[in-house]
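I opened this model to look up a handful of contacts. My notes follow in the order I made them.

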Amino acid sequence: MHVVVIGNGIAGNSAASQVRRLAPSSEVTIISEEKEPLYSACALAYVISGDITRDKVFIKSKEDYQVEGIETIFGQKVLKVDTKRKQVVLKKEKVNYDRLVIATGSKPISPSIEGVGKKGITSLKTLADADFIASRKIGKAVVIGSGLIGVEACLALRNIGWQVTLIELLDWILPRVFDQEPAQLIERLMRNAGVDVFTKERLIRILGGDRVEGVMTNKRDLRCDMVVLAVGMKPEVELAKRAGAQIGKCGGIRTNSHLQTSLRHIYACGDCVESQDIVTGEKTLSLLWPTARQQGDVVGSNCVGIERKYQGSLNITGFHIFDSHAVSVGHNLYTLSADGVKMLKSENGYYSRLLLYRGKLVGAQFVGKTEELGHLVSVIRRGESLERIQYLVSPESLNHNPWNYKLRLAFGKGEL
Amino acid sequence: MEKFLLIDTEKCTGCLQCALACSFKNESIFSLSRARVGVMWIAEVDKMVPVVCQHCSRPLCMDICPMCAISRSEETGAVILNSDLCIGCKMCMVVCPFGAPVFDMDSGIMMKCDLCGGNPECVKHCAYGALTWVTSDEATIVKRLAGAKRLAEIIEKIVL
């Protein structure tokens, strides 16, 4: 059997490795437009900030693929998928498949404003972007959009001496990840480190001639030498769409619980997929590393006929703000804008906020100290009811499990 | 045959020999903050509980690691960390329910139990037998024996 994977990100590689492990006699080929072997996009900000060297972002070398027994076709674009002939059509060749895995990932959203084509404008998604940023002379940068990538870009650039301004359209930074209060706490930490943060501001146009010289917002003009666009990512579904796969309403490839697309013998995993939220059960986009990796594993199993269901995605994001650390797990008031969400808050040395909804823990946001979070992640993932948590933290269930002990620290004050 | 680190909380005195042995073996220093194993005192029941990586079957730390630095050792079955790949983002620490991966302030990366490559130092230095290194068969027998003993005690108390 020949399994062909389109996309050389973590989803595609997880799928390929899983196939290798489970069916050693099968053939596996990864096709990718990028020439580099697998690298971690999550680590790009670390390269810019100088915390790690460029060569450390690579997870695999080209030889690693050979050792693992995975064929590679790098630097070639897939023109189309011929589902009738079960062929992937490239510019120079055609590759037959028995099972196809689409792991085409996501691409940065480009805002439709004047001047986005100028030199000196970049996003932070690929190694090429990081190389571009690293090659620039240190000066003034404006980062548009305060999602995780935007914030990480700000912090990394500030770390190496750039003057950085962050522009966010909505009321507070990281609006999809943190609620107002913790977000403002993070904002304060960023300001303290010298990042200018402007919220509730709309980018009107990018100024300059051939090269970027500044940006104009609805409130001010800012001079700068570089603009980092980080307004969001969207699933890359062009290829799947042309092959005839159904696209979901969130804009990702629609799959069943086994991550099979609407097309026979074709699976999809990673950022390009619309996945099911583990908390609400609703369709969602979870363009995050662990989601991609878990989906890749599931797809790899299913390709070789070992049936596995995908459990659903849980958003877990975290980052360093200089000496501090912030983490958000599951939902926040923005992603779960429903009535009846109850909040437990504590500001005892560090900030923590737990969100409860319909008798379950649905989200946790911590700033400052984040090591006491793991037990909550498992509570959210397992969808434990509050009664069960109450029982676990009550004196009746005093068993000597460190997990229970930690739960007791979080919930033992009878606030549930 | 795959072996397990079996923990018997009844026998633990909280002497922390395990933690000191661990840090000395792995970091060449006697330092509790650089040990991969710790002992927690649970006040409500006045019990000492050694806490160490559980080497979960599908660990979240492995999935969340953005550098694929955490993998399963084919030799020992342990969930191991490749410190050359680790960038110290702390996400494994965040998601672990047991607090097994520890952030090392000195090196800026994580440390976690690797079962000493199949010969755990902590076990050798546990004078009370709270930590033992046993095959799965032995572990089952030990657990069954303990259960049977408790059952026998209860039966003894039943007055017919």
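I began with an arginine. B:Arg34 has a relative accessibility of 16%, so I logged it as buried. I kept in mind that this is a predicted model.

Next I looked for the partners of B:Arg34. One is B:Asp104: the two side chains form a salt bridge, with N to O at 2.6 Å. I checked where they sit. B:Asp104 belongs to strand S6 (residues 102–104) of chain B, while B:Arg34 is in the loop between helix H1 (17–27) and S2. The two are 70 residues apart, and the pair links distant parts of the chain. I noted both residues as buried.

B:Asp106 also forms a salt bridge with B:Arg34; here the closest N and O atoms are 3.2 Å apart. I placed B:Asp106 in the loop between S6 and strand S7 (109–111) of chain B, and B:Arg34 in the loop between H1 and S2, so this pair ties together parts 72 residues apart in sequence. Is B:Asp106 buried or exposed? I found a relative accessible area of 62% for B:Asp106, so it is exposed. B:Arg34, by contrast, counts as buried.

I then followed the shared partners. Salt bridges join B:Glu27, B:Arg34, B:Arg36, B:Asp104 and B:Asp106 into one network. For the whole structure, over all chains, I have 22 salt bridges.

I turned to chain A for another pair. The side chains of A:Glu187 and A:Arg191 meet in a salt bridge, 2.6 Å from N to O. Both lie in helix H6 (residues 180–192) of chain A; they are four residues apart, so about one helical turn separates them. I looked up exposure for each. A:Glu187 has 9% relative accessibility, under the 20% cut-off, so it counts as buried. A:Arg191 has 41%, so it counts as partly exposed.

Still in chain A, I looked at a leucine. A:Leu174 is in the loop between strand S11 (163–167) and H6. Its relative accessibility is 0%, so I put A:Leu174 down as buried. What does A:Leu174 contact, leaving aside its neighbours within four places in sequence? My list is A:Ser146, A:Gly147, A:Leu148, A:Val151, A:Ile186 and A:Phe319. I also took one long distance. A:Leu174 and A:Val67 are 107 residues apart along the chain, and their C-alpha atoms are separated by 41 Å.

Last, I went to the interface. I have 35 residues of chain B in contact with 38 residues of chain A. The two chains bury about 2,900 Å² between them, and 67% of that is on carbon and sulfur atoms. Which three residues supply more of chain B's buried area than any other three? They are B:Asp63, B:Ile87 and B:Val94, which supply 18% of the area chain B buries against chain A.

I asked how many salt bridges there are between chain B and chain A. The count is zero. For polar contacts between chain B and chain A, I have nine residue pairs, with both residues at pLDDT 80 or more.

I noted which elements of chain B take part. Strand S2 (38–42), strand S3 (47–51), helix H2 (60–64) and helix H3 (91–95) each supply at least two residues of the side that touches chain A. By class, that side of chain B has 25 nonpolar, four polar and six charged residues.

Methods:
Residues are numbered from 1 along each chain as its sequence is written. Chains are lettered from A and ligands numbered from 1 in the order in which they are written. Side-chain values use heavy atoms; hydrogens and water are left out. Contact means heavy atoms within 4.5 Å. Buried area is the accessible area (1.4 Å probe) that two parts lose on being put together, summed over both. A salt bridge is a side-chain nitrogen of Lys or Arg within 4 Å of a carboxyl oxygen of Asp or Glu. A polar contact is a pair of N or O atoms within 3.5 Å; within protein, one must be able to donate a hydrogen and the other to accept it, and residues adjacent in sequence count only if both atoms are side-chain atoms. Ala, Val, Leu, Ile, Met, Phe, Trp, Tyr, Cys and Pro count as nonpolar, Asp, Glu, Lys and Arg as charged, and the others, Gly among them, as polar. Buried means under 20% relative accessible area, exposed over 50%, partly exposed in between (1.4 Å probe, protein chains only).
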